[in-house]
Amino acid sequence: MSIPLYRDGRYYDALNSFLVADIPLYVEEARRSGGPVLELACGTGRLAIPIAQSGVEIVGLDISPSMLAHARTKAEAAGVKIEFVEGDCRDFDLGRRFALIFTAFNSMQHLRDYASQAALFACVRRHLAEGGRSIFDVFNPKVEILARASGERRVEREYEDPEGKGKMAFEYSSTYDDAAQVSHIRCYFARRGPVGEELEVRQEEMHLRSFFPQELDLLVRSQGFEIVEKFGNFECKPFASGDPKQIVVCG
C-alpha cells in the first residue's frame with residue numbers, strides 16, 4: 001500500500017501546509033480520552049505532534065519510513081517524545097490497548113477493497129481499550145465531481161519547494177470507476193520558471209475509494225462497531241446532506 005506521493009515528508013508537508021482545520025478536533029478528542037492514543041497513517045506527525053504537546057501520550061503508525069523519519073525530526077524539534085512505528089494499518093500488533101485510535105485525512109480511502117477495510121477494523125478492535133473510541137474521517141462524495149469529464153488536468157495549488165528551488169505547482173487529473181467506486185488520480189508536480197513556464201514535471205498516481213454515507217455506516221456496523229457520533233465538518237456539525245466530510249466516531 002506504499003504510495004509514491006508519500007515518499008518524502010518534506011515535500012508532503014510543503015504541499016499540505018494549509019491543513020490545520022482538523023487539528024483542534026483531534027487534539028480535543030485525544031485530551032478527552034485521557035490517552036494513550038494511537039494514530040494510524042500518521043504521516044509526518046502533523047496531528048501527533050500537537051496531541052503530544054497537549055500532554056497526551058500518543059503512538060504513530062505509518063507504512064512509509066521516509067514519512068516517519070521526517071516525523072521523528074519534527075517531534076525532536078518540537079521537544080516532544082512520540083513513539084513512531086513503521087507498520088501496515090491492516091496488519092500490526094503493538095501488544096497494548098489504546099483509549100483512542102484515529103485515522104485522519106481521508107487515509108482510509110486508500111483501502112480500496114473490503115478485505116483491506118475489514119483488516120483495518122479488526123486491528124482497531126484488537127487494540128481498542130474497553131470503552132475506548134475510534135475516529136476516522138473521509139470525504140463525503142459529490143456526484144457532480146465524480147461525474148465530470150475524465151482526464152482534464154486541473155490546477156490545485158502552488159507551494160514553495162522545500163529545497164529552495166522556487167515555486168512548485170500541484171495539478172491533477174482523474175477518472176472514476178463507478179463499479180469499484182475508485183477515483184484513479186494522476187498527480188502532476190511542476191516546477192515553475194520565473195515567468196510561469198514548466199521547467200520540470202513529475203507524475204505520480206493515487207487511487208482513492210469513495211464511501212457513500214449509508215454504505216459507510218453499514219460498513220462500520222458490520223465490523224462490530226456502533227456509531228456514537230457523525231459529523232459533517234471539523235466544527236462538529238451533525239452530518240447532513242451536502243457536507244464535505246464524514247467524520248465518524250465509533251466505539
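Which elements do the buried residues of α2 pack against?

1. The model under review is a predicted one, and the opening question can be answered directly from its contacts: the buried residues of α2 pack against β1, α3, β4 (98–103) and β5. The residues concerned are L25, Y26, V27, E29 and A30, a set in which the acidic E29 is listed as buried together with its neighbours. The helix itself spans residues 23–33, and G34, which follows α2, has a positive phi near 85°.

2. Just beyond that glycine, the backbone deserves a careful look, since the peptide bond from G35 to P36 is cis, with omega near -5°. P36 is found in the loop between α2 and β1 (37–40). The next loop, between β1 and α3 (48–53), is the place of A41, and this residue has a positive phi of about 55° although it is not a glycine. With a relative accessibility of 30%, A41 counts as partly exposed.

3. A second non-glycine residue with a positive phi is C236, where the angle is about 65°. C236 has its place in the loop between β10 and β11, and at 35% relative accessibility it counts as partly exposed. A colleague checking backbone angles may wish to view A41, with its phi of about 55°, alongside C236, with its phi of about 65°.

4. As to the chain as a whole, its secondary structure comes to 7 helices and 11 strands. The radius of gyration is 18 Å, close to the 18 Å that the globule rule gives for 251 residues, so the chain is as compact as a globular protein of that length. Taken along the principal axes, the C-alpha atoms fill a box of roughly 60 × 45 × 30 Å. Buried residues make up 53% of the 251 residues, and, among contacts with a separation of 6 or more, 62% are accounted for by residues 24 or more positions apart.

5. Helix α7 (residues 213–222) offers a clear case of two sides, with L216, D217, L219 and V220 buried. These four residues cover an arc of only 160° around the axis, which puts them on the same side of α7. On the other side of the helix, Q214 and L218 are exposed. The buried residues of α7 pack against α5, β5, β10 (227–231) and β11 (245–250), so that β5 is named among the packing partners here as it is for α2. α7 is followed by G224, whose phi is positive, near 90°.

6. Where is empty space enclosed within the model? The count comes to 1 cavity of 30 Å³ or more, and about 50 Å³ of space lies in the largest cavity. Its lining consists of T103, M108, L120, F121, V124, S134 and F136, which divide into 5 nonpolar, 2 polar and no charged residues. Both α5 (114–127) and β5 (128–139) supply at least two residues of this lining, and the largest share, 3 residues, comes from α5. The two elements that contribute in this way, α5 and β5, are also among those against which the buried residues of α7 pack.

7. M67, which lies in helix α4 (residues 65–78), is buried, with a relative accessible area of 2%. Not counting residues up to four places away in sequence, M67 touches Y6, D8, G9, Y12, G43, T44 and D62, a list that includes the aspartates D8 and D62 as well as the glycines G9 and G43. By way of a distance for orientation, the C-alpha atoms of M67 and R112, which are 45 residues apart along the chain, are separated by 22 Å.

8. A last residue to place is I145, which is found in helix α6 (residues 143–146) and which, at 41% relative accessibility, counts as partly exposed. The C-alpha atoms of I145 and L219 are separated by 23 Å, the two residues being 74 positions apart along the chain. L219 is one of the buried residues of α7, whereas I145 is partly exposed.

Note on methods:
Residues are numbered from 1 along each chain as its sequence is written. This is a predicted model: local features need pLDDT of at least 70, side-chain atom pairs count only at pLDDT 80 or more; totals for chains, interfaces and linings use all residues. Side-chain values use heavy atoms; hydrogens and water are left out. On a 1 Å grid over the protein atoms alone, a cavity is a set of points where a 1.4 Å probe fits but cannot get out, and a pocket is an open set with protein on both sides within 12 Å along at least five of seven lines; lining residues have an atom within 4 Å of a point. Grid points are joined across faces, edges and corners, and a volume is the space filled by probe spheres set on the points. Ala, Val, Leu, Ile, Met, Phe, Trp, Tyr, Cys and Pro count as nonpolar, Asp, Glu, Lys and Arg as charged, and the others, Gly among them, as polar. Buried means under 20% relative accessible area, exposed over 50%, partly exposed in between (1.4 Å probe, protein chains only). The arc is that of the directions from the helix axis to the C-beta atoms. Contact means heavy atoms within 4.5 Å. The radius of gyration is taken over C-alpha atoms; the globule rule is 2.2 Å times the number of residues to the power 0.38.
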